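Q: Hi! I have a structure open and would like to talk it through in plain words.

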Amino acid sequence: MLVLIRGAGDLASGIALRLFRSGFSVVMTDLPQPTAIRRTVSFSQALRFGQTTVEDVTAVRVQTKYGVCAALDEGKIPVLADPGAGCITWLRPDALVDAILAKRNLGTKITDAPLVIGVGPGFTAGQDCHAVVETMRGHTLGRVIREGQALPNTNIPGLIGGFAGERVLRAPDDGVFCQRLEIGAAVEPGDVAGTVNGKPMVCTIAGVLRGILPDGTPVHKGMKSGDVDPRGDISACYTASDKAIAIGGGVLQAILEYTGVLRGVHGQNLLGR
């Protein structure tokens, strides 16, 4: 079964890991110049370097249908620079997962594939997709929504290690980001992780720099540009997060339910086929 995932950031990559390890063929798309913060666990980095490995799974940059087939035959995840997902027309995936996480639908339609899954707010199950998977941390994280929408975006980061908004580092100005610290660096309040036009992006809590934009990335003032993990576990910088894995589990469940793999348990699949 072929699954196309729109987006290749850290949460989309967590989804890809769960599907790939469950035996699905996975193809991903992203921006030509990805803006993932958690770059060490994002398959989008294949577009920057040609190849990247997250945990034990490798992704490669491809440009053509032949490249996709070759990568899949090699047991790798092909990643296309195709933010509009124009590859849908020739790829013809069995399932499409929109994991761009733009907090709104950027063009995904329920007719794009036999099964379309929206990840997070901005989608309505039964209208622009068949199912939605919840992304809000808390009791409903990773749950499959069969009717309606996910919880609305609050613009407040989830609580980790007792901190929420303090974890996020934001660009201090419009301009080009200058990276000062590497992912995995131990930080203290007052440390400068990066600059924009000479203005510092300052850490406000102690922990480990779990993610940061690469040097030279165009940014706007207030744009999320870094992430500090107050738990201080450096290994967490190099593995998919609990949130990503939970969301991936929800997507996996939705695919199994809606495509009839669980027909023997539930009697019939939810697409009515």
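The chat below goes through some strands, helices and single residues.

Q: Before we start, what kind of model is this?
A: This is a predicted model, where local features need pLDDT of at least 70, side-chain atom pairs count only at pLDDT 80 or more, and totals for chains, interfaces and linings use all residues. Residues are numbered from 1 along each chain as its sequence is written, and side-chain values use heavy atoms, with hydrogens and water left out.

Q: Thanks! Is strand 5 largely enclosed or not, and why?
A: Strand 5, residues 77-81, is largely enclosed by the rest of the structure, because four of its five residues are buried. Buried means under 20% relative accessible area, exposed means over 50%, and partly exposed is in between (1.4 Å probe, protein chains only). Strands are DSSP runs of E with at least two residues, helices are runs of H or I with at least four, and both are numbered from the N terminus.

Q: How many bridges join strand 2 to strand 5?
A: Three bridges join strand 2 (residues 25-30) to strand 5, and the two run parallel. Two strands count as paired if DSSP finds at least two bridges between them. Ala-81 in strand 5 is the bridge partner of Asp-30.

Q: And strand 4, how does that one run with strand 5?
A: Strand 4 (residues 57-62) runs parallel to strand 5, with four bridges joining them. Arg-61 has Val-79 of strand 5 as its bridge partner. Strand 4, helix 3 (residues 65-73) and strand 5 also make a right-handed β-α-β unit. Right-handed here means that, with the strands pointing away from the viewer, the path from the first strand over the helix to the second runs clockwise.

Q: Let's pick one residue. Is Pro-78 buried or exposed?
A: Pro-78, which is found in strand 5, is buried, with a relative accessible area of 0%.

Q: What is Pro-78 in contact with?
A: Leaving aside neighbours within four places in sequence, Pro-78 is in contact with Val-26, Val-27, Met-28, Val-60, Val-62, Val-68, Ala-71 and Leu-72. Contact means heavy atoms within 4.5 Å.

Q: New topic: at what angle do helix 1 and helix 5 pack?
A: Helix 1 (residues 10-21) and helix 5 (residues 242-258) pack at an angle of about 50°, with their axes 7 Å apart. That makes helix 1 oblique to helix 5. Angles under 35 degrees count as roughly parallel, over 145 as roughly antiparallel, 65 to 115 as roughly perpendicular, and the rest as oblique. The axes are lines fitted to C-alpha atoms, for helices over the stretch in contact, and angles run from 0 to 180 degrees between N-to-C directions.

Q: Where is Ile-100?
A: Ile-100 is found in the loop between strand 6 (95-98) and strand 7 (115-119). Ile-100 is partly exposed, with a relative accessible area of 29%. Ile-100 and Gly-7 are 93 residues apart in sequence, yet 4.4 Å apart in space, C-alpha to C-alpha.

Q: Last one: what is the strand order in the open sheet that has strand 10 in it?
A: The order is 10-17-15-12, with antiparallel pairing among the four strands. Strand 10 (168-170) and strand 12 (186-187) are the edge strands, each pairing on one side only. Strand 10 pairs with strand 17 (residues 224-229) over three bridges, and Val-168 has Asp-227 of strand 17 as its bridge partner.
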